[in-house]
Amino acid sequence: MSSVQNTTNKILNKKNFINLVKLLVMVLIVLGVNRGVQSYLGEAAYDSTGLGNLSYNAALEQAKSSNRLVLADMSAIWCPTCRKLDKEVLSNSKVQEVINQNYVFTRIEYESDEGEAFMQRYDVNGFPTLLVLNQVGDKLVQLPLTFDPEKFKDLLNQATNQFNK
């Protein structure tokens, strides 16, 4: 190979490497921005539910003192399906009425120490996952995911009638 070809190959390899690094940086920036936007939208959707922000342990304590069940929602703030559940179901006033009357609500964030422990304890492998727990944290039932507020309300009432009192 001539020295001109060697020099040309080195230049092309260096340009290809630089272009690859630029592409990777751009992809990382886009992913970071997307995650930030998704998290912002998720926080806004959850805030619109008005269900509060009790920790898992605080929810168990409040359930004991008020003689109610715990409705535990395992979610990720950036999860579009979780956001849909918040907007279409948990923000519904009739659903909130049933939750507030019969349950203590807790949201467990996937990316937290509490979330990791919760996933291990209850063998949760996706989100959103909605569990009805008794006052000591035993799992009574996992509610099927639905985006129909009326159906969700019926599921809550069934669990209440089956497990409460």
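Here is a chat between a visitor and a guide about a predicted model of a protein chain.

Visitor: Let's start with the layout. How many helices and strands are there, and in what order do they run?

Guide: The protein chain has six helices and four strands. Going from the N terminus, the order is α-α-β-α-α-β-α-β-β-α. The chain has 165 residues, and 36% of them count as buried. About 9,900 Å² is exposed, with carbon and sulfur atoms supplying 53% of that area.

Visitor: What share of the contacts with a separation of 6 or more joins residues 24 or more positions apart?

Guide: That share is 72%.

Visitor: What makes Asp73 count as buried or exposed?

Guide: Buried means under 20% relative accessible area. Asp73 has 0%, so it counts as buried. This residue lies in strand β1. Setting aside neighbours within four places in sequence, Asp73 touches ten residues by name: Leu85, Asp86, Leu90, Phe105, Thr106, Arg107, Ile108, Pro128, Thr129 and Leu130.

Visitor: Pro128 is on that list. What is the peptide bond from Phe127 to Pro128 like, cis or trans?

Guide: That bond is cis, since its omega is near 0 degrees. Most peptide bonds are trans. Pro128 sits in the loop between α5 (113-122) and β3.

Visitor: Which residues have a positive phi although they are not glycines?

Guide: Asn67 is one of them, with a phi of about 55 degrees, and Asp123 also has about 55 degrees. Most residues other than glycine have a negative phi. Asn67 is in the loop between α2 and β1, while Asp123 is in the loop between α5 and β3.

Visitor: Why is Asn67 called partly exposed, and what is Asp123 called?

Guide: Exposed needs over 50%, buried needs under 20%, and partly exposed is in between. Asn67 comes in at 47%, so partly exposed is the label. Asp123 has 64%, so that residue counts as exposed.

Visitor: Where is Gly50, and what makes it buried or exposed?

Guide: Gly50 is in the loop between α1 (3-47) and α2 (56-66). Its relative accessible area is 64%, and the cut-off for exposed is over 50%, so Gly50 is exposed. Gly50 and Leu90 are 40 residues apart in sequence, yet their C-alpha atoms are 8.8 Å apart in space.

Visitor: And Gln96: how do you know whether it is buried or exposed?

Guide: Its relative accessible area is 17%, which is under 20%, so Gln96 is buried. Gln96 is found in helix α4. Beyond its neighbours within four places in sequence, Gln96 is in contact with Ser48, Thr49, Gly50, Leu51, Leu90 and Ser91.

Visitor: Let's turn to α6. How do you know whether its span fits what is expected?

Guide: Helix α6 (residues 149-163) has 15 residues and reaches 21 Å from its first C-alpha to its last. At 1.5 Å a residue, the expected value is 21 Å, and the span is close to that.

Visitor: Which residues of α6 are buried, and why are they said to be on the same side?

Guide: The buried ones are Phe152, Lys153, Leu155, Leu156, Ala159 and Thr160. They cover an arc of only 160 degrees around the axis, so they sit on the same side of α6. Gln158, Asn161 and Gln162 are exposed on the other side. The buried residues pack against β1 (69-75), α3 (80-90), α4 (93-102), β2 (103-109), β3 (129-133) and β4 (139-143).

Visitor: What caps the N-terminal end of α6?

Guide: Asp148 does: one of its side-chain oxygens lies 3.0 Å from the backbone nitrogen of Glu150.

Visitor: What makes the Thr160 and Tyr103 side chains a polar contact?

Guide: The distance is 3.0 Å, and the cut-off for a pair of N or O atoms is within 3.5 Å, so the pair passes on distance. Thr160 has 8% relative accessibility, so it counts as buried. Its contacts beyond four places in sequence are Leu69, Asn102 and Tyr103. Thr160 and Asn102 are 58 residues apart in sequence and 6.8 Å apart, C-alpha to C-alpha.

Visitor: Last one: what about Cys79 and Cys82, buried or exposed, and how many disulfides are there?

Guide: Cys79 has 5% relative accessibility, so it counts as buried. Cys82 has 2%, so it counts as buried too. A search of the whole structure turns up zero disulfides.

How values were computed: Residues numbered from 1 in each chain as written. Predicted model: local features only at pLDDT ≥ 70, side-chain atom pairs only at ≥ 80, totals over all residues. Heavy atoms only, no water. Helix = DSSP H or I, 4+ residues; strand = E, 2+ residues; numbered from the N terminus. Buried < 20%, exposed > 50% of the residue type's maximum accessible area, 1.4 Å probe, protein only. Contact = heavy atoms within 4.5 Å. Areas by Shrake-Rupley, 256 points an atom, 1.4 Å probe, with all protein chains shown as cover. Disulfide = S-S within 2.5 Å. Expected span 1.5 Å × (residues − 1). Arc of directions from axis to C-beta. Polar contact = N/O pair within 3.5 Å; in protein donor to acceptor, adjacent residues only side chain to side chain.
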